[in-house]
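Here is a friendly round of questions about how the labels on a structure are earned. Each reply sets a value against its cut-off and then concludes.

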Amino acid sequence: MTTMNRVLLLIIIKQQKVRSLLIDNYDSYTYNIYQELAVVNGVPPVVIHNDEWSWEHIQHFLYKENAFDNIVISPGPGSPACPKDIGVCLQILAQCEDIPILGVCLGHQALGYIYGAQVVHAPEPIHGRLSEIEHTGCELFNGIPSGRNSGFKVMRYHSLVIAAESLPRELVPMAWTTSEQTHSFLGTEQSDMSPTLQTNKLLQLGDLSASVSYVGYKDVTNSKINDRNKILMGVMHSTRPHFGVQFHPESIATSYRRQIFENFKKMTVNYGLRSTMHQEAKKCFSILKTLDSSNVTYVIQ
């Protein structure tokens with residue numbers, strides 16, 4: 001593909017509207033995710049609680065109506081092993097093999113749980129603390145630095161984690177903490193934070209002193225974490241477009257937070273959009289490929 005066409009494809013992806021289905025696991029941070037998706041996708045996501053629609057209802061909208069291009073599973077209290085806590089999310093992860101899915105916190109743990117990974121107690125509960133992250137450089141982290149002192153810190157709120165040593169072959173680890181040490185957000189300057197966001201930086205943090213005792217431990221394994229310096233922070237499916245992050249990319253304290261959502265959008269577009277609002281965009285891709293093959297010089301107005 002020519003350089004000119006690559007640029008045009010990037011422009012199309014940037015301007016393309018993507019329709020997300022956002023599953024709310026009754027979490028106060030769901031609408032922070034909503035705000036990020038609305039900006040990045042160009043259209044607000046549709047939000048439902050995890051027990052609001054049956055799997056049959058969701059299946060109809062996904063595969064009959066082609067109403068959504070991807071799915072985001074929110075954080076939430078409790079455990080993926082508890083049906084009341086996770087609702088329809090496990091069915092979505094098991095059945096939607098051809099739809100891009102991003103699981104956040106509880107959604108990440110659900111991705112591990114559905115394939116047999118152990119969800120265990122973290123070495124210590126983390127609530128409103130930053131950790132430095134290293135990653136494999138996969139598509140979800142494209143353009144984001146990795147490792148200690150790289151400038152990539154993420155906000156964590158959780159008491160449970162996926163045990164890295166229990167990952168099945170279907171799941172690939174893609175991110176870890178770089179050390180046991182965590183950091184307070186207060187006084188930390190984020191590289192991608194505007195002055196306006198700095199002024200309002202506490203609005204999306206929630207109550208940093210809040211108790212984590214609400215987190216459900218039903219059916220959670222008490223396995224030890226082998227390496228406290230490398231807590232698993234992200235996994236991806238080996239063949240399906242399914243990804244999970246233990247941290248909160250929607251938090252204003254997470255650096256490169258918007259880049260993560262933009263990467264998920266780009267991956268969705270590249271994977272193939274489903275909703276009917278995108279037929280014209282698909283035609284544009286087809287035209288560009290045709291022009292590439294014929295080496296025609298052209299101008300798009």
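Q: Which residues form one aromatic cluster in this predicted model?
A: The cluster is made up of Phe 141, Phe 152, Phe 247 and Tyr 256.

Q: What makes Phe 152 and Tyr 256 an aromatic pair, and why is it called edge-to-face?
A: Their ring centres are 6.2 Å apart, and a pair needs centres within 6.5 Å. The planes make 80°, and over 60 counts as edge-to-face. Both conditions are met, so the pair of Phe 152 and Tyr 256 is edge-to-face.

Q: How do you know that this pair links distant parts of the chain?
A: Phe 152 lies in the loop between strand S5 (119–135) and strand S6 (153–162), while Tyr 256 belongs to the loop between strand S9 (242–245) and helix H8 (257–271). The two are 104 residues apart.

Q: Why does Phe 152 count as buried?
A: Its relative accessibility is 1%, and buried means under 20%, so Phe 152 falls in the buried class.

Q: And is Tyr 256 buried or partly exposed?
A: Tyr 256 has a relative accessible area of 22%. Partly exposed runs between the 20% limit for buried and the 50% limit for exposed, so Tyr 256 is partly exposed.

Q: How many aromatic pairs does the rule give, and what makes the one of Trp 53 and Phe 61 stacked?
A: The count comes to seven aromatic pairs. In the pair of Trp 53 and Phe 61, the centres are 5.1 Å apart with 20° between the planes. Planes under 30 degrees apart count as stacked, so this pair earns that word.

Q: Why do Trp 53 and Phe 61 get separate burial labels?
A: Trp 53 has a relative accessible area of 17%, whereas Phe 61 has a relative accessibility of 25%. The limit for buried is under 20%, so Trp 53 is buried and Phe 61 is partly exposed.

Q: What makes the charged end of Lys 230 sit over the ring of Trp 176?
A: The distance from the charged end of Lys 230 to the centre of the Trp 176 ring is 5.0 Å. The rule asks for within 6 Å, and also for a position within 35 degrees of the ring normal. The charged end of Lys 230 is listed as sitting over the ring.

Q: How do you know that the buried residues of helix H3 are on the same side?
A: In H3 (residues 55–64), Trp 55, Ile 58 and Leu 62 are buried. They cover an arc of only 65° around the axis, which puts them on the same side of H3. The face turned away from that buried side carries the exposed residues Glu 56 and Lys 64.

Q: What covers the buried residues of H3?
A: The cover includes strand S1 (20–24), strand S2 (46–49), strand S3 (70–73) and helix H5 (89–95).

Q: What makes S2 and S6 the edge strands of the sheet?
A: The open sheet of nine strands has the order S2-S1-S3-S4-S9-S8-S7-S5-S6, with mixed pairing. S2 and S6 each pair on one side only, and they are the edge strands. From one strand to the next, the twist averages 25°.

Q: How do you know that S5 and S6 pair, and which way do they run?
A: Nine bridges join S5 to S6, and a pairing needs at least two, so the two strands pair; they run antiparallel. One of the bridge partners is Met 155 in S6, opposite Leu 130.

Q: What makes S3 a partner of both S1 and S4?
A: S1 and S3 share four bridges in the parallel sense, and three bridges join S3 to S4, also parallel. At least two are needed, so S3 pairs with both. Ser 20 stands opposite Asn 70 in S3, and Ile 73 has Gly 103 in S4 as its bridge partner.

Q: Which way do the residues of S3 point?
A: Asn 70 and Val 72 point one way from S3, Ile 71 and Ile 73 the other way, and all are buried.

Q: Why is Glu 262 called partly exposed?
A: Glu 262, in helix H8, has 27% relative accessibility. That value lies between the 20% and 50% limits, so Glu 262 counts as partly exposed.

Terms used
Residues numbered from 1 in each chain as written. Predicted model: local features only at pLDDT ≥ 70, side-chain atom pairs only at ≥ 80, totals over all residues. Heavy atoms only, no water. Phe/Tyr/Trp six-rings, centres within 6.5 Å; stacked < 30°, edge-to-face > 60°. Buried < 20%, exposed > 50% of the residue type's maximum accessible area, 1.4 Å probe, protein only. Arc of directions from axis to C-beta. Contact = heavy atoms within 4.5 Å. Axes fitted to C-alpha atoms, helices over the stretch in contact; angles between N-to-C directions.
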